[in-house]
Amino acid sequence: MKKWSNLWWLAGLVVALVLPLVMTNPAYRGIAVYTLLFTACATSWNMFSGYSGYVNLGAAVFYGTGAYSEDLLANHLNMSGGAALFWLVPLSGVVAMLIGIPVGLVALRVRRHTYVVITIAIFFVFQLAATNFGFTGGTAGLTIPFIPWMASYFDVPFYYVALAVLIFAILLSAGVRRSRFGLQLLAIRDDEDRALGLGVQVAAVKLTGYVMSGFVIGMCGAIYAMKQGQIYPQFVFDPLFDITVALMCFFGGFGTLVGPIIGGVVLESAQQYLTVTYSSGGSLYLIIFGALFLLVILFMPRGIVVYVKDWWGRRQSRIESSQTAATAGVAS
Amino acid sequence: MTTLLSASNVSRAFGGVQALNGCSLEVRRGSITGLIGPNGSGKTTLFNVMTGYVKPDAGSVTFEGQNITGARPNKVFELGVGRTFQLTRIFARMTVLENMLVATQREESWLRGLTRSKSSPRELEAAMEWLNFVGLAHLAKLEAGSLSYGQRKLLELAYVLVANPDVILLDEPAGGVNLTLINVIAEKIQALNEQGKTFLVVEHNMEFVMKICHQVTVMHQGTDLVTGTPGEVRTNPAVLDAYLGGGDETDEELEELANG
Amino acid sequence: MHALIDGVLTGSVYALMATGLTLIFGVMEIINVAQGILVILGAYFSYTLSTHFGIDLFLGLLITIPAMFVVGVVIERVFVARLKGPEKTAMSILVTYAIALVIEGSLNQIYSVNYQQLSAWYVNKSFELFGVYFPYIYVYGFLLAVGLLSALYVMLYRTRFGASIRASLADQAAAALVGIDVKRVSTICFGLGVAITGAGGMIYGATNTFNASSGADLISRLLTIIVLGGMGSLGGALVAGILMVTVEDIVGVVWSPIWSTMSFFIVLVVVLSLRPQGLFGKLSSRVA
């Protein structure tokens with residue numbers, strides 16, 4: 001079993017590495033980059049919210065902060081467009097992390113349900129700030145120095161950087177799951193007060209998890225900003241982003257390591273495809289996406305990963321019981 | 001024997017209800033101290049004050065001579081005061097073993113938790129040892145939520161013990177547990193006490209209290225009424241009055257108290 | 001002064017919409033993110049009734065409110081009632097968000113994305129009292145909100161059914177123990193919450209231009225109102241609703257309109273840092 005799962009990881013990695021070489025259509029490459037970015041976001045969202053049960057519906061705070069810091073840093077440092085801009089990506093992640101400290105201090109004061117709503121409210125503060133402040137360029141947004149790469153090749157560097165961020169996110173999430181820190185997050189999810197009474201410094205642990213997830217999501221925002229060239233407040237601070245990331249985790253399996261990866265890959269590519277296909281049909285895309293979303297949540301409430309595991313388990317025990325029945329039949 | 005943990009003149013009101021009213025309690029090192037009293041006399045509130053879950057309006061809590069009044073629950077635990085809850089609290093979606101591991105390191109900073117694995121071999125060994133002690137070792141890999149009520153009580157006891165606290169506060173360890181298990185729990189407590197552990201026990205089961213406790217404090221209307229050996233408490237007329245006046249105790253409990 | 005009057009008049013309408021949300025949360029621990037789009041749905045109901053059938057906006061509420069009640073009951077029965085388990089509240093946000101997407105998409109298909117506004121003779125007229133101009137629609141809207149909220153309070157505090165709702169608000173498990181059919185109470189609550197929202201939608205539609213995407217802006221306001229008031233507190237929703245509009249108006253006039261929308265969120269953050277449970281919320285005990 002263990003061996004098999006290692007093989008799956010390896011296969012996934014190989015596919016991910018060779019994909020852009022095989023897939024030459026730039027439109028599809030673009031979809032692939034977004035899929036990687038969203039999967040990385042979902043993975044690190046889950047690393048905090050999934051493990052601790054503190055559902056964050058304001059993850060775009062990190063994404064947008066990352067995107068804006070990428071652009072602002074590039075402009076202030078007078079950088080010219082090119083691969084050097086990628087150095088700003090981790091730096092933007094750090095900025096998102098730093099912004100996350102005061103935000104987390106306020107938001108994490110409240111418990112569960114109120115926390116969810118607070119994250120939404122704080123998200124709107126950020127969206128409004130980005131729209132209204134001068135240094136963010138207001139509704140006109142910001143531009144990053146032009147990147148002079150050929151269209152046929154343009155997305156390839158983004159692809160590999162996004163893949164690197166995704167791998168980092170997965171390793172981080174797996175590492176957390178195995179660490180004492182991860183154990184403490186899980187304990188907080190199950191019974192926060194009890195965890196406190198067993199010496200878990202819940203406030204510090206929650207804030208650390210929150211900020212760590214912000215680092216990765218901030219980097220993704222920075223990559224997005226670079227790839228787009230131009231960012232607007234309503235697209236980097238997008239309520240749909242908040243929900244989509246959460247949905248990916250619930251779709252794949254909330255609190256599991258693989259769930260967000262599956263959720264991210266399936267949903268983001270599907271969403272991109274639907275957007276491309278139905279963009280002329282206007283809001284038909286909203287209806288389809290919403291309906292799909294409802295079906296999944298209602299019929300697989302614990303996510304695909306858990307659903308498949310249960311189904312596999314039932315199947316195995318059925319096989320076993322039919323085998324025992326068969327041997328029993330022979331014996332008699 | 002020296003005093004290990006004590007509360008002096010603690011008061012606390014919730015809304016209009018004075019749950020604790022100048023209550024004092026002393027737990028001596030190496031003793032099993034019982035805390036009894038009619039329902040609503042403030043026993044659990046006193047527990048909550050002593051373990052940092054509730055801040056007192058007045059009075060102080062001292063542990064090993066150190067004032068710990070109003071300290072956070074994690075701090076109190078770190079110093080060496082462990083407790084269980086009346087309504088058992090376990091981490092339902094974690095395995096039995098993981099439940100144990102949460103408590104293994106009571107003095108470790110959260111920063112250290114980021115860089116180390118879930119458990120060291122020594123912690124794992126300690127966790128299994130205590131699970132073995134309460135007879136749950138064979139269930140280590142099971143999700144804790146699937147345990148029975150009695151097993152949960154034992155698990156809660158075990159994960160408090162694994163942190164090696166100096167004093168353990170037990171809130172109704174025998175509540176809702178069958179007779180066989182009550183005896184098992186009593187034996188475990190006595191065995192640990194012989195190894196030097198101090199206990200403070202809230203319990204309604206008088207037989208249990210009279211059997212294991214060296215000293216008993218009776219609470220009534222938020223204050224300590226009488227403190228003495230089980231024998232002294234049993235024959236004290238004020239205690240009987242308190243129980244009769246409380247009106248919500250069953251006859252059997254009174255009878256138990258009188259006859260012991 | 002003007003800000004205060006506007007705060008009370010408009011704020012009460014927000015309070016009406018937020019009351020539906022807080023009622024649903026209080027009884028069911030469901031956060032109905034679709035509440036924003038349901039306001040808009042209510043507005044479109046009124047729009048259809050008035051433009052296609054020539055029915056007066058307020059008279060039309062006699063149809064809109066029961067219709068919205070049915071919409072609420074259907075949503076609850078088909079989707080929300082299925083949610084269970086420890087992640088119920090979080091899941092409810094996703095489910096109702098998906099419902100909101102479907103409704104938003106459908107409204108866009110039916111009514112196009114062009115902005116509409118409800119019209120009637122009283123929408124653009126005002127009267128003067130003590131030197132202050134009062135637009136009729138705001139006054140009527142205020143009266144309607146007060147009327148519906150009082151009706152709701154009377155129902156909650158004077159009827160048997162109200163008592164069972166309040167019992168469920170206080171403690172669902174205990175309510176079930178004393179023989180209250182919590183499932184039925186939940187369904188009706190959801191219906192009620194959506195129905196009064198629909199009424200708020202009419203006033204919103206008459207005082208603002210709207211299209212289907214206005215729902216997203218609304219829900220953020222409604223959510224902050226109920227958090228500020230204390231989640232599950234009906235009185236808190238009323239106070240917070242009025243407070244929100246007053247603060248926005250004052251900041252808009254005294255300082256700058258840019259800060260006015262943000263000011264309320266800032267008030268929220270400040271209040272929560274001092275009182276995590278909101279103005280009137282109960283702090284769930286750390287021990288229980």
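A salt bridge, as the term is used in this talk, is a side-chain nitrogen of Lys or Arg within 4 Å of a carboxyl oxygen of Asp or Glu. Good morning, colleagues. One such pair will serve as our entry point: the side chains of B:R93 and A:D190 meet in a salt bridge, with 3.4 Å from N to O. Please bear in mind throughout that this is a predicted model.

Let me stay with the place where that pair sits, the contact of chain A with chain B. Chain A contributes 24 residues to this contact, and chain B contributes 33 residues. Between them the two chains bury about 2,600 Å², and carbon and sulfur atoms give 57% of that area. On the chain A side, the residues that lose the most area to chain B are A:R180, A:R194 and A:L198, which together make up 31% of what that side buries.

How many salt bridges are counted between chain A and chain B? The count is six, and the pair of B:R93 and A:D190 is a salt bridge of this kind. In addition, 17 residue pairs are in polar contact across the interface of chain A and chain B, both residues being at pLDDT 80 or more. Three helices of chain A, namely α6 (155-178), α7 (180-197) and α8 (202-228), each supply at least two residues of the side that touches chain B. The largest share of that side comes from α7(A), with 13 residues. Sorted by class, the side of chain A that touches chain B holds eleven nonpolar, five polar and eight charged residues.

Two of these helices are also linked within chain A. A:E192 forms a salt bridge with A:K206, and their closest N and O atoms are 2.8 Å apart. Because A:E192 lies in helix α7 of chain A and A:K206 in helix α8 of chain A, the pair ties together parts that are 14 residues apart in sequence. Over all chains, the structure holds 16 salt bridges.

A word on chain A as a whole. Chain A has 13 helices and two strands. Its radius of gyration is 21 Å, which agrees with the value near 20 Å that a compact globule of 332 residues would have. Along the principal axes, the C-alpha atoms of chain A fill a box of roughly 85 × 55 × 40 Å.

I turn now to the contact of chain C with chain A. Here 41 residues of chain C are in contact with 42 residues of chain A. The two chains bury about 3,700 Å² between them, 81% of it on carbon and sulfur atoms. Which count of salt bridges does the rule give across this interface? It finds zero between chain C and chain A. The count of residue pairs in polar contact between chain C and chain A, both at pLDDT 80 or more, is likewise zero. On the side of chain C that touches chain A, α4 (88-111), α9 (214-229) and α11 (257-274) each supply at least two residues. The largest share, 16 residues, comes from α4(C). By class, this side of chain C has 26 nonpolar, ten polar and five charged residues.

Finally, the sheet in chain B. It is an open sheet of four strands in the order β2-β1-β4-β5, with antiparallel pairing. β2 (17-28) and β5 (66-67) of chain B stand at the edges with a single partner strand each, so one side of each is left without a neighbour in the sheet. Strand β1 (residues 3-14) of chain B runs antiparallel to β2(B), and eight bridges join them. For B:S6, the bridge partner in β2(B) is B:E26. Thank you.

Technical notes:
Residues are numbered from 1 along each chain as its sequence is written. Chains are lettered from A and ligands numbered from 1 in the order in which they are written. This is a predicted model: local features need pLDDT of at least 70, side-chain atom pairs count only at pLDDT 80 or more; totals for chains, interfaces and linings use all residues. Side-chain values use heavy atoms; hydrogens and water are left out. Contact means heavy atoms within 4.5 Å. Buried area is the accessible area (1.4 Å probe) that two parts lose on being put together, summed over both. A polar contact is a pair of N or O atoms within 3.5 Å; within protein, one must be able to donate a hydrogen and the other to accept it, and residues adjacent in sequence count only if both atoms are side-chain atoms. Ala, Val, Leu, Ile, Met, Phe, Trp, Tyr, Cys and Pro count as nonpolar, Asp, Glu, Lys and Arg as charged, and the others, Gly among them, as polar. Two strands pair if DSSP finds at least two bridges between them. The radius of gyration is taken over C-alpha atoms; the globule rule is 2.2 Å times the number of residues to the power 0.38.
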